[in-house]
Amino acid sequence: MGFGVAGLGMILVSGLVTAAGGAVIALAAIVTWVLHLAGWGKPSGPRPADQWNWRVKDLTARQGHPDCVGCRMAGRRAAAAVGRPVPEAVGAQL
């Protein structure tokens with residue numbers, strides 16, 4: 001929706017409409033992140049059968065998902081990700 005509004009602003013040569021499209025995109029990113037942290041954004045990959053329905057909240061969201069940028073930005077670290085060893089190729093570059 002935001003890209004459509006921004007595109008319309010470019011066609012109409014209107015900075016205000018283009019900025020409104022950018023604001024819609026930013027607002028959508030923030031709302032998506034908040035919903036993810038509330039447990040409505042489930043991680044990718046296999047889940048237990050009781051978590052398959054899209055109406056079921058993800059109960060592991062409070063601890064954070066492994067390798068999830070959104071959870072890391074919120075300060076949530078998954079227990080599996082905390083004690084993970086650093087690969088040698090990455091450790092050599094440090």
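Student: What makes residues 80–87 a part of this predicted model to treat with caution?
Tutor: Over residues 80–87 pLDDT, the predictor's confidence in each residue from 0 to 100, stays under 50. The model has six contacts (heavy atoms within 4.5 Å) beyond four places in sequence for residues 80–87. Where pLDDT is low, the predicted coordinates should not be read in detail. For the chain, the mean pLDDT is 79, and 78% of the residues reach 70 or more.

Tutor: This is a predicted model, in which local features need pLDDT of at least 70 and side-chain atom pairs count only at pLDDT 80 or more, while totals for chains, interfaces and linings use all residues. Residues are numbered from 1 along each chain as its sequence is written, and side-chain values use heavy atoms, with hydrogens and water left out.

Student: Why is Leu 27 called exposed?
Tutor: Exposed means over 50% relative accessible area, buried under 20%, and partly exposed in between (1.4 Å probe, protein chains only). Leu 27 has 53% relative accessibility, and therefore counts as exposed. Leu 27 is placed in helix 2 (residues 15–37).

Student: How do you know that Cys 68 is in no disulfide?
Tutor: A disulfide is a pair of cysteine sulfur atoms within 2.5 Å, and a search of the whole structure finds zero. For Cys 68, the nearest cysteine sulfur is that of Cys 71, 3.5 Å away, so neither cysteine is in a disulfide.

Student: Why are Cys 68 and Cys 71 called buried?
Tutor: Cys 68 has a relative accessible area of 15% and is therefore buried. Cys 71, at 1% relative accessibility, likewise counts as buried.

Note on methods: Helices (H or I, at least four residues) and strands (E, at least two) are DSSP runs, numbered from the N terminus.
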